[in-house]
Amino acid sequence: MLEVKENIRGSTLKNKLYDLKLKPNTKSHITVNNDVCLLCQNRDCTIFCPSQVFTWSNIDEKLTVAYESCMECGACKMGCPLENIKYEHPEAGFGYIC
Ligand code: SF4
Ligand code: SF4
C-alpha cells in the first residue's frame with residue numbers, strides 16, 4: 001500500500017483531493033455544433049467522456065452537453081473525430097476549486 005506523505009503544511013495529497021469542490025458556472029465552457037454531430041457516425045463523445053457529459057437523443061437528434069458534470073480532464077479536445085468540441089477551462093472561481 002502506498003504511503004501518503006504529508007507536505008510541509010501538514011496536509012496530505014489525499015486530503016487535498018477530498019477538499020476539491022465543484023462549483024459549476026451558469027454558462028457552459030464546452031460548445032458543440034449540433035449540425036456537425038448529425039453527421040457523426042459513432043458519437044464517440046458519449047463513450048470517452050469519463051463524466052458522461054455528452055448524451056445523444058435519437059428522438060430530438062440532438063447532443064446534450066451537461067457541462068456541470070465535467071471533471072476537466074481535457075479529453076474532449078482530442079477525442080471528437082470531427083473536431084467539433086470547443087473546450088475552455090472554466091472561468092476562475094468555477095469548476096473544481098479548493
Ligand atoms: S463525437 Fe463530436 S461530432 Fe460526434 S457527436 Fe460527439 S461532439 Fe458531435
Ligand atoms: S473535459 Fe473530460 S470530463 Fe469534461 S467534457 Fe471533456 S471529456 Fe468530459
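These are my notebook entries on a predicted model of a protein with two ligands looked up in it.

**Ground rules.** Residues count from 1 along each chain as its sequence is written, while chains are lettered from A and ligands numbered from 1 in the order in which they are written. Since I'm working from a predicted model, local features need pLDDT of at least 70 and side-chain atom pairs count only at pLDDT 80 or more, but totals for chains, interfaces and linings use all residues.

**Overall layout.** I found 4 helices and 6 strands (DSSP runs numbered from the N terminus: H or I of at least four residues, E of at least two). From the N terminus on, they go α-β-β-α-α-β-β-α-β-β. Of the 98 residues, 13% are buried (20 or more other C-beta atoms within 10 Å of their own, with C-beta placed from the backbone).

**Ligand 1.** I looked up its shell and got 13 residues, with Cys37, Cys40, Cys45, Cys80 and Asn84 closest (near means a C-beta atom, placed from the backbone, within 6 Å). The shell holds 10 nonpolar, 1 polar and 2 charged residues.

**Ligand 2.** This one also has 13 residues around it, and Cys49, Cys70, Cys73, Ala75 and Cys76 come nearest. Here I noted 10 nonpolar, 2 polar and 1 charged. Cys counts as nonpolar in this scheme, and Gly as polar.

**Strands E3 and E4.** E3 (residues 54-57) runs antiparallel to E4, joined by 4 bridges (pairing takes at least two DSSP bridges). Thr55 sits opposite Thr64. Which residues of E4 (residues 62-65) are buried? Leu63 and Val65 are, on one face, while Lys62 and Thr64 point to the other and are not. Between the strands lie 4 residues, and Glu61 in this hairpin has a positive phi near 50°.

Terms used: Buried ≥ 20, exposed ≤ 12 C-beta atoms within 10 Å, placed from the backbone.
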